[in-house]
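Me: I would like a close look at one part of this model. Please explain the terms as they come up.

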Amino acid sequence: MNVLEIKNVKKSFNGQGVIKDVSLDVKEGETVVIIGPSGSGKSTLLRCINNLEKIDSGLIKVDGLELIKENKNGRAIYNDKKILKEINLKLGMVFQDFNLFPHFSVMENITKSLELVFNKTEKESKEIAINLLKKMDLENKKDEYPCNLSGGQKQRVSIARCLAINPKLICMDEPTSALDPELVGEVLSTIKSLAKEKKTMVIVTHEIKFAEEVADRIVFMDGGKIVEEGTPDEIMKNPKKERTKEFLKRYINLEGDNVEYIDDEYLEKNELPAKEVITFFKKISDIPRMSGKEEKICEYLVEFAKERNLEYVYEKDAKNVIIRKETEKGKPYIAFQAHTDMICEKETISKHNFLKDPIRLIKDGDFIKADKTTLGADNGLGVAYMLALLDSKEAMPNIECIFTSDEETTMIGAKLLNADDVKSKSIISLDNGKEGKMTISAANCMEWFAEIKASKAEENLNGFKKYTIEYSNFLGGHSGGNIADVKRGNPLKLAGEVLDNIDGLYIESLSGGSKVNVIPREFKITFYSKENIDMLLKEKINKQIRFFQEDGVIKLIREENFGKAKVYDEQISKNVLKFINSYKCGALKFDDDNNVILSANFAAIREEENGIKFEYSLRSNNLKLRDEYIKDLKDNLVKFNVVVTWEQELKGFEPNYESDLVNNISRVYKELYGKEIEKQITQGVLEGGFFKSKINNLDYVCIGANTYDVHSPKERFSIKSVQNVWKLIWQILKSYQNDLEN
Amino acid sequence: MNINQVINVCSVLLSGIGTLLEIFFITLVLAVPLGLIVALARNSKCRILSWLIKNYILLIRGTPIMLQIIVVYFCPYYLFNVTYDRFLAIIIAFTINYAAYFAEIFRSGIESIPEGQKEAAYTLGFNKVQTFFEIVLPQVIKNVLPAMSNEVISLLKTTSLAQIIGVTEMFSLAQKQASYNFSIIPLCIAGVYYLILIFVVSIVFSYFEKKLSYYR
């Protein structure tokens, strides 16, 4: 449904046409951004919609109500006052210079219209205001006067004021133009979050980048007319009108001059380092290969092998493909391995469909990245190296290439791999994201779901203090890769720490965390205490705030409670907190090179009907350490009545610093680059763990080229680094060939 | 003059302060709201009204208040042969005069409020009356206080013109005492009294200015 309909609107000031025949519809939930040079009439149009300016002729309809009709002569006739008022209440306006009421506090700025116009009680309107201020992260400013706020804060208050009346359509007139450059960001991100909530908005702005990100549709106005409108992609990437191009040129410099799309034509005409690898990378990028949906890439690999008369095995259930190239009969194979699937993430504005669209590659200097999506360099690069090797006519020893499926989510390929299909005893995995490093050990990862059986009961807690502690915006991260970074903090544990050894608490609710392999980013707990424990809590929380102030937000709220409340009883509350505190978290043990070799993550706490659920995990590169930890853990489970409901073990492999493969690669690397390759022990889980558990005496290491921001739309790899790794791979092969000949 | 005479003069003059304050306060109470109304009428969309108001302000500011007092008191006598209370005449004359000055102050105050304030109020659904009393007026009052204090102080001193039509107030008493004693000391004493009164008025105004300085 159209929230706004504008037809043939014309307006002039002193005979000068400011708006010349503009028509525009805005659908419900749509964010329309109007851009254009100064004086193009875009702000005037917005003011006409809000009835702050009168138009000469045309129609304007808001949410089905006619603001303006036309009479026979085409002159604009405004509807009667009652309707105008009704329309007025459906519209919200955010002004360039805020127009906050200076004599009212932040709170009053929001509540006044609710009380005077919408006849809400003081209590209701304050509640609305507080909720909005919380959303804007301005709750602590509620009693300030506008003159004491920064520009960005003022504009956020004015957005809150506009939202308070719950308008059908929000109009924003250059909301960031009056702000200092460093304050623009906070306001834009507020507006972005509104767009995500599907609020209907018309925004006039000069922030072109922002327009591209936030808009469902961009309208380009010039000289009082709409010159062009379309999706951000259409307008920004491929504007049709000369005037639009000219205007946009001033604002966007298509990210430098070095940006080029890599397509077949480009590869044909241009030279690139490690071109054979990049060419195969381009080929597999055309094939959708989302985790769990690897059928198409498998078919491609099978076709590839058939075309070249190579021996292959296709494990249909596991969706693994193994291709062998035998150059000398009877000689051993050296194996490479990579996973075919990729994480599929995209920017919100991208319309990419990972199930059918090819990934578009962009070359930006030395980097190759994708067009607003993940690139799949993890681990498409590995696949590309192997294809280039299999395709190569150069002399090499026997090679075996193992393409596994779904590494990113379930590791099903590695788990189901049939050991009989692998002939080699040395596998070089190509799934490393750092050149100059070689992974020689992966973590064994235990993951558990557990629960404390509990239900809430009504208790008389009259006169108790009700506390809420809320942790938010912590950095989180991957429980394998980021666990050693103490700055990330674990909100669940931090809360446990604050409440450690405080008796007589009744927990009302608690929840936080997301997935079992992710460090939690937020946690919220609400509980009651008979005693006033303000000082106790504040002291501990202040310490945490000082440590985490850069990223995390910690809030403590105390209210007085009257009457009853539904809570867990004292014993259960105590057990829950004791259990959290007993679970040792973070990086726990290090080896001599300061690699983490034992770490644990308390990942999530959730409330369900019949109990409180926990998710936690343990990673270790040393099984002895792991078993000691698990013994302690089991004792604690019994002590605090925690029952494990699910567990899984992801296999790891312990380091071997002196294996043939490790020695060989180290030597070759040193010959090639004149420095030692760094031996890495990861807390991550690698497919190698599963291989090692299936194949006796398997030698397994992991190498690869520099990739950055994997699993995000910013993912990219360095071409130079790919070339280096490509050289290394060849050198390793040659060394094996020499060994064989000697 | 000896000290006894001086004390005597002091107490005589003190008795005149009552009338002075009566004129002062009554005029203030009537002229301030009237001034606000005049200011609004002057900005009115009704052209005749705003034309009338413009000329009224021109007339009042363009002629001496002394003449205005005389006209207000004697006109009814010459036109209709009616006389009325001299004190009332003073109040009417002063109110008409000061309303014009206050109106100009209010007008400048109202015009100093950014249009955006009214637009914001409009988009939030405030009607005109709410907009004026909740948004515009509070800010106008803060803006006009300094100019207002000037005019109020001038009113306090202008009360001395009441003697034109024979209303006795402090300064007329002082003049009488001066000629009676062949001395200007009574006039000086009157001066001191004015000074004290105006000092109090200033304090009151700076108190209000301070109170409204919580925002900018």
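The reply below takes one helix and then its surroundings. Which residues of helix 5 of chain B are buried, and what do those residues pack against?

Reply: This is a predicted model, in which local features need pLDDT of at least 70 and side-chain atom pairs count only at pLDDT 80 or more, while totals for chains, interfaces and linings use all residues. Residues are numbered from 1 along each chain as its sequence is written, and chains are lettered from A and ligands numbered from 1 in the order in which they are written.

Helix 5 of chain B runs over residues 115-123, and its buried residues are B:Ala120, B:Ala121 and B:Thr123. Helices (H or I, at least four residues) and strands (E, at least two) are DSSP runs, numbered from the N terminus. A residue is buried if 20 or more other C-beta atoms lie within 10 Å of its own, exposed if 12 or fewer, and partly exposed in between, with C-beta atoms placed from the backbone.

The three buried residues sit on the same side of helix 5 of chain B because they cover an arc of only 165° around the axis. The arc is taken over the directions from the helix axis to the C-beta atoms. An α-helix has 3.6 residues a turn, so residues three or four places apart point the same way.

These buried residues pack against helix 6 (128-158) of chain B, and also against helix 2 and strand 7 of chain A. Contact here means that the C-beta atoms of two residues, placed from the backbone, lie within 7 Å. After helix 5 of chain B comes B:Gly125, with a positive phi near 95°.

Now the other chain. In chain A, 20 residues are in contact with 16 residues of chain B. Three elements of chain A give two or more residues to this side: helix 2 (81-90), strand 7 (91-94) and helix 3 (106-116). Sorted by class, the side of chain A that touches chain B has 12 nonpolar, 6 polar and 2 charged residues. Nonpolar covers Ala, Val, Leu, Ile, Met, Phe, Trp, Tyr, Cys and Pro, charged covers Asp, Glu, Lys and Arg, and the others, Gly among them, are polar.

As background, chain A has 21 helices and 35 strands. Of its 742 residues, 44% are buried.

For contrast with the buried residues of helix 5, take B:Tyr84, in the loop between helix 3 (65-80) and helix 4 (86-111) of chain B. B:Tyr84 counts as exposed because 12 other C-beta atoms lie within 10 Å.
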